[in-house]
Amino acid sequence: MSKTAKQTAKPVRRKWLAALEAGLLLLLVAAAALLLRAGYVRYMKAAYPLKYDTLVQTWAGEYEIPPSLVYAVIRTESSFDPNAVSRADARGLMQLTEDTLAWAMSKAGDEEPLTAEDLFRPEINIRYGVYVLKLLGEQFKEQDTALAAYNAGMGNVRKWLDDPAYSDDGVHLKDIPYKETREYVVRVRDAQAMYRELYDLA
């Protein structure tokens, strides 16, 4: 090879090596991004689990409630602790009180002898918790309003809907006076969106 040819080959080789290095760097960046994404998904799925899947799917299907909403309520209410008890003595996964259980059973026409202790049983708690969501959805039509009723009670929500300070149309709440309920609705809504994103749920 002549001296001129060698001089010409050096820049070409340098450009080829630079292009190769750039390509390898892009591959490494892409691989790192995939690994980060996979790690993020694993972390989020651990934070938003699909526990009690058979019960959730069964009763969500029976009462035509989106499974993503049921999971979101359970996560927000009890963090999937079947033995959770609130200050108001709401119990179990979906945090039902004995009075709410009795109301739901009467609406369903069930005469099974259940007590507050039975609310610690996931199969009972999820069944009637989902049914309560159905009943509230029938009464209040709009999901955020129904969730407000799940947290604060139907009586409070009816008063808010009748008050122009909180509702313009008697259906939607433009404001919720209880801070706990206002934050609860947002938390459930955000959790439902996450369940839909992570698991492609309805």
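At 43% relative accessibility, T58 counts as partly exposed in this predicted model. T58 lies in helix α2, and its C-alpha atom is separated by 9.7 Å from that of I126, a residue 68 places away along the chain. This pair makes a convenient way into the fold, since it links two distant stretches of sequence.

The wider picture is quickly drawn. The chain holds eight helices and zero strands, so that, read from the N terminus, its elements run α-α-α-α-α-α-α-α. Of the 202 residues in the chain, 37% are buried. The accessible surface comes to about 12000 Å², and carbon and sulfur atoms account for 55% of that surface. Among contacts between residues at least 6 apart in sequence, 56% join residues that are at least 24 apart.

Helix packing is considered next, beginning with α6. Two packed helices are described by the angle between their axes and the distance between the axes. Helix α6, residues 143-152, packs against helix α8, residues 179-199, at an angle of about 125 degrees, and the two axes lie 9 Å apart. That angle makes α6 oblique to α8, because it falls outside the 65 to 115 degree range taken as roughly perpendicular and is not over 145 degrees, where roughly antiparallel begins. The crossing of these two helices is right-handed. On the α6 side the contact is made by Q143, D144, L147, A148, Y150, N151 and A152. Helix α8 contributes E180, T181, Y184, V185, V188, R189 and Q192. Sorted by class, the contact of α6 with α8 has seven nonpolar, four polar and three charged residues.

Helix α6 also meets helix α7, which spans residues 154-161. Here the axes come within 7 Å and cross at roughly 135 degrees, and α6 and α7 are therefore oblique to each other. T145, A148, A149 and A152 of α6 take part in this contact, together with M154, N156, V157, W160 and L161 of α7. The residues of the contact of α6 with α7 divide into seven nonpolar, two polar and no charged. A148 and A152 appear in the contact with α7, and A148 and A152 are also listed for the contact with α8.

One residue of the α6 and α8 contact deserves a closer look. Q192 sits in helix α8 and, at 3% relative accessibility, counts as buried. With neighbours within four places in sequence left aside, Q192 is in contact with P66, S68, L69, A72 and Q143. Of these partners, Q143 belongs to the α6 side of the helix contact described above, while S68, L69 and A72 fall within the 67-78 span of helix α3.

Two further buried residues can be placed in the same way. L101 is found in helix α4, where its relative accessibility of 2% makes it count as buried. L101 touches L114, T115, L119 and Y128, not counting residues up to four places away in sequence. The C-alpha atoms of L101 and Y131 are separated by 9.9 Å, and the two residues are 30 apart along the chain. S78, for its part, is found in helix α3 and has 8% relative accessibility, so it counts as buried. Its contacts, again leaving out residues up to four places away in sequence, are with A84, G92 and L93.

The backbone offers a final point of interest. Most residues other than glycine have a negative phi, and most peptide bonds are trans. Against that background, two residues of the model stand out. Phi of Y52 is near 55 degrees, a positive value in a residue other than glycine. Y52 is placed in the loop between α1, residues 3-47, and α2, residues 53-63, and its relative accessibility of 26% means that it counts as partly exposed. S79 likewise has a positive phi, about 55 degrees, although it is not a glycine. S79 lies in the loop between α3, residues 67-78, and α4, residues 98-108. At 54% relative accessibility, S79 counts as exposed, whereas S78 counts as buried at 8%.

Definitions and conventions:
Residues numbered from 1 in each chain as written. Predicted model: local features only at pLDDT ≥ 70, side-chain atom pairs only at ≥ 80, totals over all residues. Heavy atoms only, no water. Axes fitted to C-alpha atoms, helices over the stretch in contact; angles between N-to-C directions. Helix = DSSP H or I, 4+ residues; strand = E, 2+ residues; numbered from the N terminus. Parallel < 35°, antiparallel > 145°, perpendicular 65-115°, else oblique. Left-handed = near helix turned anticlockwise from the far one by under 90°. Contact = heavy atoms within 4.5 Å. Nonpolar A, V, L, I, M, F, W, Y, C, P; charged D, E, K, R; others polar. Buried < 20%, exposed > 50% of the residue type's maximum accessible area, 1.4 Å probe, protein only. Areas by Shrake-Rupley, 256 points an atom, 1.4 Å probe, with all protein chains shown as cover.
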